[in-house]
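Colleague: I'm new to this structure and would like a close look at just one part of it. Could you pick a sheet and walk me through how its strands are arranged, with a bit of context from the rest of the chain?

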Amino acid sequence: MNNDSRTIPSPPLLRRYVISVIASLLLLAIYKLQQPIWPERMLNPLWAKALFDQQGQLLDLHIAADQQWRLPYQPKHLPADPPASSAMATTQTQGKPLETTTLPRRYETALLTFEDQYFYQHPGINPLAVLRATWGNLNAGQVKSGASTITMQVARLLYGNQTRNLQQKLRETELALQLEWHFDKAQILQLYANNAPYGGNIVGLTAASWWYFGREPAALSWSEAALLAVLPNSPGLIHPGRRADLLQQKRDRLLQKLYAQGHFDETDLKLALLEPIPVKPAGWPALAPHLLNTLMARNPKQALFYTDLDRQLQIQLNELLTRQARSLAVSGVANGAVLIIDHQQMKIRAYVGNIGSGDGASVDIIQSRRSTGSILKPFLYALMLDDGLMTPQSLLPDVPSQFGGYAPVNFDLQFRGAAKASEALAQSLNVPAVRMLYQYGVGRFRQQLQSFGLTTINKGADHYGLSLILGGAEATLFDLTRSYAAMVHLAAKPQATIPALPLRFGARPQNLSTANNRKEGGAPLDAINLPISAGAAYLTLDALLEVERPESEGSWRDYVRSQKIAWKTGTSFGLRDAWAVGMNGQYTIGVWTGNADGSPAAILGGARSAGPILFDSFRLLPDSPWLMKPLLALRQQEICASDGYRTRWQCQTALTDMPIASQLKSPHSYQQQLWLDPSGRFQLPAGCALEVPRQPRTRLILPVAMAYFYQPQHPEYQGVPPTWPGCEQIAQQQMDLLYPVHGAQIRLPLQLDGKLGQSIFRAIHRDKQAQIYWHLDETYLGQTSAPHQMPVQAAPGQHLLVLTANDGSRLEQPFTILGDEPTHTCQGQSCNP
């Protein structure tokens, strides 16, 4: 008998061995299911970028990095912050969230009917389908049908173009089981809808729906949904010249099957069968490329951007600006931009970032920093009203002025002597604005501009100086238009919080201004908190109603029914930027024209080039009634009618509106009490001609320089009457110097021969017939009659100028001549000192 050394396991041991092997395999399978290695296409999909309007209509698209038009499916209306238990709950996939969304009913029904009618019953692999396909293929002797489920197709799509062999098939099967383990059915359907091929480089349901039919997936008809359900099975059939008849047959068979299943009635079937296969795709719109590029740059991982834009208005505005750009190009202006805000809701309705030509055509001008010109003046006006430093009727000096080396001039190079504050704003006078800023304080104003949302004006006060009010700073059209819109919103709704101008994008409402408008500490602004009152805002806008409109508007004040539009222009130094911002009862429009490369053009001017575009833009919008006067935000202030300051003596009074919390602080007044003889022709200075009866009169008496320019334009101005004969020596000041001002520092020009040139000094006298005698440091220079001008040359150092007149009046003025460093001149509308 032979002894075998091998031990044959007993049946119980064999059973335990088999069970342990099966258990190990099950544990391995569970481990593999629980620890997937997701394909790169799933973890980091390469999306195209799409921009939508307020109704979910496609505005613009940017192709993905792999040159595919691939868009994720996402319903256009999703809650901002869904609770964890809602249908919008997110599943974490190795840190990558996949939101659960439901595909459009028609498309999902057609897809499952065509591809996988047992999708909701199987675990990713359909054993019955596998057996049926195997049996059929064996009987046919060739592969006639497959058994791929939608989940397996998703796995194949996620792996991309891989060699089709048994190993790859097993990998796809493994991935399909992992997908079913980790995601619900709706998420798997979404993965299919996002990755299915639809011909050429069109990938995904969303891209296909817009490309072929020009509408979102939820708006597809039964015929269109059926076509997109069958197309991924044969995507090449959609191309022109291919067998479109075969594609239509596949679609029609699916429609017949859907009808048989009771998804629609016979009438719907007949109509669906009549719809043709698209011969020419709807294509991609390009209505807001600069906005899309801006949002892409700030949110590189976001694919879909939902905004508050109005598609029809965007189309019209593009067409308008394109027409205007052609005419401006003839005059050397290559670029233009327009932003329209609904300030009632603080939402952007149109955004044309740049229309034009040249190298700068791709620049989003709306987000670019440009010199502000005079566009900041209304903000200073409102701040000074709130501070009680003036009233809308206050007379402001408009005379030659010098601040150190800075001598501002008006755009028309003229002086008015004095102008009411509201008129100075409406006429955009530079000299009064600079003097206002000097009084208010550059540093204080710069800080307040931050509160207006002008975050790009962030350098120190010394950097800007007084030129801050005339274009010495840079701002964006976005910030400026938003600030004006917020001012109108405040005036119309004094008690309301001003939203921070949201631009919705992605699944959750977000905010372009949040990315563009942050406090200095870095926290985003949830609301705009203007540093002015509702009353000041309203009075500022009321002054801007009087700004002269472009010549194309004609005599607009003659039309009673003309729409009220408050607006302001700005032109940067050197004619490089032209601004216009206008407001009616509902909309604020910001316009910029110029050259993106900063080159100047003679035609550039807020009223000349930007203004016409502004008013043409308003014609695209419905008329809107002007703001109701905010009575609770205003109070009435009694003032002297002739100068707009506090009542003084027996001046003729008037009432003017002021912000309700504003107290008129300035004791300033141009009213003087004069003692006149009984005829009223002569003034009697105190202590002179005591024997002559006298009567008190309150009269507007402007300083000599103001009166010199003011009186020719205001014949009603009486000024100072002649002094009683013999009392001239104790009369009021009769002379003044227009240049130089007291304590001026003057740099003489350098001539070609290297010697210092001359400076022209200018004086004025109340008596136009007066003779003035000029002395410099006790040296007699000469005698002048009106106009009083004297060329002066002096060595560097301090000097004393003495003027005497034939009526005995005398004036002394110290000044300093600087050395031979390079000179700096200020001409035009704005200038950096």
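Modeller: Here is a walk through one sheet, followed by a look at the whole chain and two of its residues.

Keep in mind that this is a predicted model. The sheet I'd pick is an open one with 5 strands, and reading across it the order is S24-S30-S29-S26-S27. The pairing is mixed. In general, strands of a sheet pair through backbone hydrogen bonds, and they can do that either parallel or antiparallel.

Now look at the two ends of that order. Strand S24, residues 744–746, stands at one edge, and strand S27, residues 779–784, at the other. Each of them has a single partner strand, so one side of each is left without a neighbour in the sheet. As for the twist, neighbouring strands here are turned by 30° against each other on average, if you ignore direction.

Let's zoom in on one pair. Strand S26 covers residues 772–776 and strand S29 covers residues 797–805; the two run antiparallel and share 5 bridges. If you want one spot to find on screen, try His-775, which sits opposite Val-802 in S29.

Now for the context. The chain has 833 residues, and 53% of them are buried. Its secondary structure adds up to 23 helices and 30 strands. Take the contacts between residues at least 6 apart in sequence: 67% of those join residues at least 24 apart. On the outside, the chain exposes about 39,200 Å², with carbon and sulfur atoms supplying 53% of that area.

Two buried residues are worth a visit while you're here. Leu-702 lies in the loop between strand S22 (695–700) and helix H23 (704–710). Its relative accessibility is 1%, and the cut-off for buried is under 20%, so Leu-702 counts as buried. Leaving out residues up to four places away in sequence, Leu-702 touches Leu-395, Ala-418, Tyr-670, Ala-707, Tyr-710, Tyr-717 and Arg-766. Gln-672 is 30 residues from Leu-702 along the chain, and their C-alpha atoms are 9.2 Å apart.

The other residue is Arg-70, which belongs to strand S3 (residues 69–70). Arg-70 has a relative accessibility of 9%, so it counts as buried too. Its side chain reaches the backbone oxygen of Leu-46 at 2.6 Å. Beyond residues up to four places away in sequence, the contacts of Arg-70 include Trp-47, Ala-48, Ala-64, Asn-194 and Val-203.

Note on methods:
Residues are numbered from 1 along each chain as its sequence is written. This is a predicted model: local features need pLDDT of at least 70, side-chain atom pairs count only at pLDDT 80 or more; totals for chains, interfaces and linings use all residues. Side-chain values use heavy atoms; hydrogens and water are left out. Two strands pair if DSSP finds at least two bridges between them. Helices (H or I, at least four residues) and strands (E, at least two) are DSSP runs, numbered from the N terminus. Axes are lines fitted to C-alpha atoms, for helices over the stretch in contact, and angles run from 0 to 180 degrees between N-to-C directions. Buried means under 20% relative accessible area, exposed over 50%, partly exposed in between (1.4 Å probe, protein chains only). Contact means heavy atoms within 4.5 Å. Accessible areas come from the Shrake-Rupley method with a 1.4 Å probe; for residues, only the protein chains shown count as cover. A polar contact is a pair of N or O atoms within 3.5 Å; within protein, one must be able to donate a hydrogen and the other to accept it, and residues adjacent in sequence count only if both atoms are side-chain atoms.
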